[in-house]
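Here is a note on the model, set out as numbered points for a colleague's reading.

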Protein chains: 2
Amino acid sequence: MAYAMSLAVLADPTRRRVFERLRAGPRPVNALAAGLPVSRPAVSQHLKALRDAGLVNERSEGARRIYSIRREGLRELRDWLDTFWDDALTAFKQEAEKSRGAEK
Amino acid sequence: MAYAMSLAVLADPTRRRVFERLRAGPRPVNALAAGLPVSRPAVSQHLKALRDAGLVNERSEGARRIYSIRREGLRELRDWLDTFWDDALTAFKQEAEKSRGAEK
DNA sequence: ACAGGATGTAAGTTGTCACTTACGGTAAGC
DNA sequence: GCTTACCGTAAGTGACAACTTACATCCTGT
């Protein structure tokens, strides 16, 4: 059920840009917001959403909050996508298709 | 860039339910809309969105329009997800982390 | 040709959400 | 202590998108 939240959270372009920036390594909010066309509070809100979805980790370092990618949070979404490649399912689908008749 | 559209399209719960129903095989709009808490036109609109994103195929069979999953449409999203597991990237990230010292 | 079923599309409404500004809190430096 | 930087949160606003109803279109029987 968590893959639904991952999809919803990653669907927003700005939020996705923040998430992708974290691929280069852990970053404080300042660095994540720099250069983006939105305000820093907006980035904070996006980070909260990412955190609630389990997609990022948060760690305090003095006055800074360091965010980093949490790969585990992506696993459910990945698994869900894989269900569309499942062999048994594909076989069933092809069989149903074949026994159907003609196309177009 | 197509993975962005896939994310946006699959983020909607109702649209995702329609898409998941197609796992059982090709279906006409009628069958897809049956039992859903929304009207049939709503399902039609969702199918258009899925089609524009390349996630489903459409085939005419008499008066019916038969929709089916198009797995190719999911590949970019799948590849994008994989970039977060990429080994070379992880190595780079760990190295950058190690040789850090100064940031900002 | 007409009726009925199946589907796409137009137009309008409403809720949600991403954004902004303003403010509060904490940590580090002078 | 005071100031400044860093960050989260509250409140309000505007745009978009998912939905509805109504209508247009195409196909199939009779």
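1. In what sense, and over how many bridges, do β2(A) and β3(A) pair? These two strands of chain A run antiparallel, with six bridges between them; strands here are DSSP runs of E of at least two residues, helices are runs of H or I of at least four residues, both numbered from the N terminus, and two strands pair if DSSP finds at least two bridges between them.

2. This is a predicted model, in which local features need pLDDT of at least 70 and side-chain atom pairs count only at pLDDT 80 or more, while totals for chains, interfaces and linings use all residues. Residues are numbered from 1 along each chain as its sequence is written, with chains lettered from A and ligands numbered from 1 in the order in which they are written.

3. The pairing belongs to an open, antiparallel sheet of three strands in chain A, ordered β1-β3-β2, where β1 (27–28) and β2 (56–61) are the edge strands, each pairing on one side only. Within the sheet, Arg59(A) stands opposite Ile66(A) of β3(A).

4. Around DNA strand C there are 22 residues, with Ser39(A), Gly62(A), Pro28(B), Asn30(B) and Pro41(B) coming nearest; a residue is near a strand if its C-beta atom, placed from the backbone, lies within 6 Å of it. The largest share of this surface, six residues, is from α4(B).

5. DNA strand D is surrounded by 21 residues, and among the closest are Pro28(A), Asn30(A) and Ser39(B). Here α4(A) gives the largest share, five residues.
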